[in-house]
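Subject: Structure for you to look at

Hi,

Here's the structure I promised to pass on. Have a look at it first, then read my notes below.

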Amino acid sequence: MDRTRVLGTTGYVPDGVLSMKEIANGVRRRRRVGDIPPVYPNGWFGLIESHKLAIRQTVPISILGLNLALFRDEKGNAHALNAYCPHLGAHLAVGGRVLGNCIECPFHGWRFRGDDGKCVYIPYADKIPDVAQVKSWPIQDVNGWIYLWYHAEGLEPTWVIPEIEDIVKGNWTYKGRTEHHVNAHIEEIPLNGADVIHLNQVHGPGLVAGVDLRHMYARFWEFIKHIWTATWEPYPPPDGHLASITLKHCLNLCGVPFKMLNLDVFARQIGPAIVYLEFRSIFGKGIYIQSVIPTEPMVQKVVHNIYVSKSVPTLFAKFLLLAEAIQFERDIMIWNNKQYQHKPVFVKSKEDSLMMRHRRWFSQFYSENSPRMTFQKESLDW
């Protein structure tokens with residue numbers, strides 16, 4: 001299963017005159033940016049799913065304000081280099097070819113080593129200048145994803161992404177993906193894990209009520225009700241980059257529990273942009289891997305992959321992935337149309353205190369030189 005929703009296809013209110021793309025652009029222009037945190041935090045970020053990068057293949061990637069040349073060398077190792085050749089600026093991943101552990105510029109044949117970005121061959125020169133190199137980025141290829149380490153201060157990775165043992169050993173099988181593009185600050189998306197009060201408000205109505213917030217409370221669907229309980233907790237040092245979410249879901253039909261769709265979920269937030277949501281169902285176990293990828297300062301690509309144990313029927317796995325997508329698209333309608341509140345009006349409650357704690361926890365991923373965005377009339381500059 002592969003369900004993809006690009007920006008403008010979901011999460012906006014149509015008016016019958018403008019196209020959804022025009023509506024999306026209008027909302028983005030009108031929404032006051034305000035005092036928002038830096039747009040690109042520090043941490044590991046998904047570049048591409050591993051199976052989409054074959055040996056000797058090159059892929060151009062734009063993420064975190066960077067343009068990258070991603071390639072897999074002849075031994076199967078992935079590398080990410082700054083995209084532009086320092087000679088005359090050709091894009092290494094657009095027509096470049098992989099030779100050994102190097103990528104060759106399509107313009108004049110300069111070859112750059114994936115491990116450190118140094119130029120190791122110029123076909124018409126005997127001596128290679130020391131400055132002939134491009135930046136090579138730290139990469140981790142794990143759990144079906146190729147991740148890149150980004151830090152505004154240039155620090156090397158301070159933690160690694162944990163392997164999911166059941167995926168590595170082949171105990172869990174890949175059953176599909178969803179992809180959504182969201183018009184929001186990156187911090188808004190993981191905040192949902194600590195926003196326990198929104199679960200029954202936004203995700204209480206049955207899936208058949210759809211994703212449009214304006215219509216999902218129709219009386220016709222009131223006999224179906226999702227009931228959620230959740231807790232959120234940050235880890236203590238030295239694992240302060242982690243947080244946990246415990247979630248229970250049950251479905252009521254006409255007030256009677258329908259236990260077949262009960263789920264117990266334990267989720268780990270890993271840095272600013274990765275979440276593992278491990279679940280237990282009546283058929284067996286599985287996991288969603290969520291990757292939040294900042295393609296622009298206020299646009300996030302969010303990909304969910306699902307893996308399940310061999311006891312879980314394929315049809316049920318696809319249903320779970322579709323159900324997750326429908327619930328996520330309800331959140332998108334909130335995110336696409338809201339603004340970031342720098343000083344929210346919180347009440348004295350354990351629910352609001354969780355969101356305050358999450359904001360403090362997330363702030364650790366910003367540093368002095370993290371890129372910021374300012375608002376200028378009709379443009380968003382950062």
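Let's start with a small puzzle: which backbone nitrogen does the side chain of Asn143 reach? It's the one of Ile164, at 2.8 Å. Before you go hunting for it, keep in mind that this is a predicted model.

**Around Asn143**

That side chain has another partner too: one of its polar atoms lies 2.9 Å from the backbone oxygen of Pro162. To find Asn143 on screen, go to the loop that sits between strand 11 (139-142) and strand 12 (145-150). Is Asn143 buried or exposed? Its relative accessible area is 4%, and buried means under 20%, so Asn143 counts as buried.

If you leave out the neighbours within four places in sequence, Asn143 is in contact with Ile161, Pro162, Glu163, Ile164, Ile167, Val168, Tyr276, Ile289 and Tyr307. So Pro162 and Ile164, the two backbone partners above, turn up in that list as well.

**The annotated stretch**

UniProt has an unreviewed entry that lists residues 44-148 as "domain: Rieske". Over residues 44-148 the chain is 44% strand and 0% helix. The C-alpha atoms at the two ends of this stretch are 5 Å apart.

**The cavities**

Now for the empty spaces. How many cavities of 30 Å³ or more are there? The count comes to three, and the largest cavity has a volume of about 740 Å³. Its lining is made up of 33 residues, and those nearest the centre are Trp228, Leu247, Leu277, Glu324 and Gln327. Several elements give two or more residues to this lining, among them helix 3, helix 4, strand 14 (224-234) and strand 15 (242-253). Which element gives the most? That's helix 5, with eight residues. By type, the lining of the largest cavity splits into 21 nonpolar, ten polar and two charged residues.

**The largest pocket**

There's also a largest pocket, which holds about 380 Å³ of space. It's lined by 18 residues, with Glu188, Leu191, Asp195, Lys338 and Met355 nearest its centre. Helix 3 (188-191), helix 4 (198-202), helix 5 (314-337) and helix 6 (350-362) each supply at least two residues of that lining. Here the split is eight nonpolar, four polar and six charged.

A nice place to begin is helix 5, which you'll meet in the lining of the largest cavity and again in that of the largest pocket.

Cheers

Technical notes: Residues are numbered from 1 along each chain as its sequence is written. This is a predicted model: local features need pLDDT of at least 70, side-chain atom pairs count only at pLDDT 80 or more; totals for chains, interfaces and linings use all residues. Side-chain values use heavy atoms; hydrogens and water are left out. UniProt positions are given in the numbering used here, feature names are shortened, and annotations may be inferred rather than shown by experiment. Helices (H or I, at least four residues) and strands (E, at least two) are DSSP runs, numbered from the N terminus. Buried means under 20% relative accessible area, exposed over 50%, partly exposed in between (1.4 Å probe, protein chains only). A polar contact is a pair of N or O atoms within 3.5 Å; within protein, one must be able to donate a hydrogen and the other to accept it, and residues adjacent in sequence count only if both atoms are side-chain atoms. Contact means heavy atoms within 4.5 Å. On a 1 Å grid over the protein atoms alone, a cavity is a set of points where a 1.4 Å probe fits but cannot get out, and a pocket is an open set with protein on both sides within 12 Å along at least five of seven lines; lining residues have an atom within 4 Å of a point. Grid points are joined across faces, edges and corners, and a volume is the space filled by probe spheres set on the points. Ala, Val, Leu, Ile, Met, Phe, Trp, Tyr, Cys and Pro count as nonpolar, Asp, Glu, Lys and Arg as charged, and the others, Gly among them, as polar.
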